[in-house]
Every structure is written in structure tokens, then in C-alpha cells.
Protein chains: 2
Amino acid sequence: MTRPGGRSARVRDAVHDAVVDLLVIGEINAAIPKIAEKAGVNPTSVYRRWGSREQLLLDAAVTRLRATSPIPDTGSLREDLLGWAEGVERSMCDPRGQILLRALVATLGPEKEPLEHLRARGEDLQAALDRATARGEPAPSVEDVLDFVLAPLYLRVLFRRPVEPGTGALLVDRLLSSLPAGRGG
Amino acid sequence: MTRPGGRSARVRDAVHDAVVDLLVIGEINAAIPKIAEKAGVNPTSVYRRWGSREQLLLDAAVTRLRATSPIPDTGSLREDLLGWAEGVERSMCDPRGQILLRALVATLGPEKEPLEHLRARGEDLQAALDRATARGEPAPSVEDVLDFVLAPLYLRVLFRRPVEPGTGALLVDRLLSSLPAGRGG
DNA sequence: CGGCAAAAGCAAGCGGGTTTGCTTTAGGAT
DNA sequence: ATCCTAAAGCAAACCCGCTTGCTTTTGCCG
């Protein structure tokens, strides 16, 4: 960003807020003029900066989801994963988190990149797993963490099934108890 | 349907085909006039029947996904699940299956119904599990099948990660190994 | 075979989303 | 403090997706 703290940043945040607000109240199809109006911004500014509604949605989703559910460093893999999973679970119980995840998936085209958001999250996970390995703890692969914990949580949200409290912890337990017996078939 | 085998059916199929074709070649944002043109149909007919692009996408996705990956009845829960998972895996390797799943998720709004498609699929699963229970085999819950098998497969597709051959079978093995009476290895 | 009704086709008009050239503002640099 | 440029605001025109009243076709049924 050329002017991080100035008017650009204010406009960007205002537009992101407007997008999320409209999505949350069900205005899924709100077009750019409507978003701009809610943001108190000229539609032209939105067109010039983001180009299309799709790009704007993707940018808002990635930006806003990036801040949620970091992976803690507690000295125990179990605690790290539990803290992270709890954060994901909480985010997926929040209408904003739900709608952002949905927008993220919806705007993903047939491109081949695995998506910046998930890639960065995978690197964080890898770091936590490496810490565990360095401590001598048994650790699953990133793939397994995604399969056991993230996929079930995300699928509940994407298909509108309820996320019961404690789901994240349950899934982490499943993952970790699959370790000693050997994973995979 | 009032006229199942006549012109209505032809138009519906042509429009569904056009939708899928356009989605597959990356024309995610194709509007109704474009879809109608590719289908060789008057745009008005599409507006009158489906009302909106969103409804049309949802209808096409649900209709076309309904035919894929039925659950076999082999007399063994393991074989039933393996056959089904293989079908899902194959469907998720096909660009059409991928794009249809994506369209399905994308068009799901904040409504509360768990979605007809997944509900019907859940009932099929429950039937297979009931058969296993009646035979005295240990059986997981539908929830567990979705968590262990469907969620990882769907998430790979939705986030553009590769689906390795044999993933479905691996996931079914994991599920069955986690059962209380099952082998822990 | 012939009528009937549902669905498809047609055409014209409306509305709003998008584009574009220019002006104005504001934040960083000198 | 002043200049300078990137970004926002403005207005007008264009394009196109959508609506609507009507006509035409088609397939089911008596």
C-alpha cells in the first residue's frame, strides 16, 4: 500500500465493513453502487480500486478472515491445537465468520492456486507441528489436521448444519488419538 | 412436472447443459441471456421458469449432483462405504462435479434448511448404516461419516487442493478403524 | 382428429450497473 | 509551509440485463 494510514485505508475499511454488513443481513446480491452507498463512498472509487464485485468480496473475505483464530504457542501440541480449533469454532459460530467463509468459497474460480488464505494457515500449522516434533511429541501431518479438524467444521458451516459447542475440541481429540494406533490404511 | 417428456424437458436439459458448460470453461459470471443463447433458447423462457440466475444455478447443481455416487447395497458396510466413497471421489475429480459442488455452495444463502441435496444423501447413508446394524456389524453415525469421509473430500475440492487417487478408501478406513469394536490398527 | 392449456418465442421499453474523462481532495515528500 | 501525485469524487453517457404484454408453438387428452 502506498498510503497505509490515510484516506485509502479509511475507504478500504469502510467498504469492507459495508460488504460484511450487507452479507450478514442477507443482501447477498448487493451490487457495487449499493455497497458504496452504505460505505459512504463514491461507486467510482470502488470500481477503480477493485474492478468487480467478485474481487471486492474475495479481498474482504481474505482480509477479514486473516485476523481470526491464530495458532497459540503453549508448549504443548494438544493445547496449541485446542486453542486454534476453539478459535475456528468460535469464528464459525459467528454470522460474520460464516458469511465470509461462504463468500470466500463462492468467489473462488477454477484457478489452480490453493488460495493464499489456506496456504498461510497451512504454514502456521506446519510451524506448530514442527515445534511439537522438536519437543519429541508425536505429531500428525498438516493434511491430517485439515482432514480431521478444519474440514468437518467448515463443512458444517457451508452446508448449514449446526456447530455444537465443543466440536473443535472433539475433533482435535479424534486427531490426536488416531496417532499412536497409526494413521492411514 | 406437467409435461415430463416433451419440450419442457428438452429446454430444461439444454439450459442445464449450457450452465454446466459455461461454468466449466470459466464463465462463472455468465448472465441469463448468455446461458440462453448457448442453450439455443429464448432468454424469456429462462426468466419465466427459473426467475433468477441464482435459482437456475441451484437447480442445475442439485439436479446434476443427484445422479452421482449412489450408495450400493453389498451386504457389507465396508464395501457399501468404499463403493460410495469411490463414487464421490471420482465425481470430485471431474471438473463438472467440482464446479457443480462449488456452485451449490455458492448459491446457498443464509437460509436455515440443511439443503435438500445433503438431506437426501444423509437419508441414504442412514439406510446403509441401519442395514449394517441389523446385520450386527458395528456402525458409525451419519455425522461421523460426513466428518471422516465427505468433509475432507469436499474441502479439497472447494479449496482447490488435489484429490489423490485412493483418498476415499483411505478416509473410509480411518472411519471404520475409529469404531469402538473395530480394529485399532 | 381437433381443441385446450401450458410453455416457449418475440419485441419493445425500462432501469440500473458500469465505464470514462475530468476535477477535487488529501497525504507524503522536499 | 509548499508542491506533487495518488486516490476519491462527480456527472454523463453507454451498455445490457431484466421485465412485460402479446403471439405462436407444442404436446397431452377427449
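A residue is taken to be near a molecule or strand if its C-beta atom, placed from the backbone, lies within 6 Å of it. In this predicted model, 22 residues surround DNA strand D by that criterion, and the closest are Asn42(A), Thr44(A), Ser45(A), Gly6(B) and Ala31(B). Both protein chains supply elements with two or more residues in this surface: chain A through α1 (7-24) and α3, and chain B through α2 (32-39) and α3. The largest share, four residues, is that of α3(A). By class, the surface near DNA strand D consists of seven nonpolar, eight polar and seven charged residues.

DNA strand C is likewise surrounded by 22 residues, of which Gly6(A), Ala31(A), Asn42(B), Thr44(B) and Ser45(B) come nearest. The elements giving two or more residues to this surface are α2 (32-39) and α3 (43-50) of chain A, joined by α1 (7-24) and α3 (43-50) of chain B. Here α3(B) provides the largest share, with four residues. The surface near DNA strand C divides into seven nonpolar, eight polar and seven charged residues.

The arrangement of the two protein chains was examined next. A turn of 179° with a shift of 0.0 Å along the axis lays chain B on chain A with an RMSD of 0.2 Å. The two copies are thus related as by a two-fold rotation axis. Within chain B, the C-alpha nearest this axis belongs to Ala106(B), at 2.2 Å from it.

The contact between the chains takes 28 residues from chain B and 28 residues from chain A. On the side of chain B that touches chain A, the elements giving two or more residues are α6, α8 (142-158) and α9 (167-177). Of these, α8(B) gives the most, with seven residues. This side of chain B comprises 17 nonpolar, five polar and six charged residues. Of the interface residues of chain B, 89% are also interface residues in chain A, so the copies meet through the same surface.

Helix α6 of chain B covers residues 95-107, 13 residues in total, and reaches 18 Å from its first C-alpha to its last, close to the 18 Å expected at 1.5 Å a residue. Because 10 of its 13 residues are buried, α6(B) is largely enclosed by the rest of the structure. The buried residues of α6(B) include Gln98(B) and Arg102(B), as well as Leu101(B), Val105(B) and Ala106(B). Ala106(B) is thereby both buried and the residue of chain B whose C-alpha is nearest the axis.

In soluble globular proteins, nonpolar side chains tend to be buried together. The largest nonpolar core of the model holds 91 residues, of which Val105(A), Tyr154(A), Val105(B) and Tyr154(B) touch the most other members. Apart from its neighbours within four places in sequence, Tyr154(A) is in contact with Leu101(A) and with Leu155(B).

A further buried position lies in helix α5 (residues 77-93) of chain A, where Ala85(A) is found. Ala85(A) has 26 C-beta neighbours inside 10 Å and therefore counts as buried, the criterion being 20 or more. When residues up to four places away in sequence are not counted, Ala85(A) touches Val149(A), Gly168(A), Ala169(A), Leu171(A) and Val172(A). The C-alpha atoms of Ala85(A) and Leu153(A) are separated by 9.1 Å, although these residues are 68 residues apart along the chain.

Note on methods. Residues numbered from 1 in each chain as written. Chains lettered and ligands numbered in written order. Predicted model: local features only at pLDDT ≥ 70, side-chain atom pairs only at ≥ 80, totals over all residues. Least-squares fit on C-alpha atoms with pLDDT ≥ 70 in both. Contact = placed C-beta atoms within 7 Å. Nonpolar A, V, L, I, M, F, W, Y, C, P; charged D, E, K, R; others polar. Expected span 1.5 Å × (residues − 1). Buried ≥ 20, exposed ≤ 12 C-beta atoms within 10 Å, placed from the backbone. Core = buried A, V, L, I, M, F, W, Y, C linked by C-beta atoms within 7 Å.
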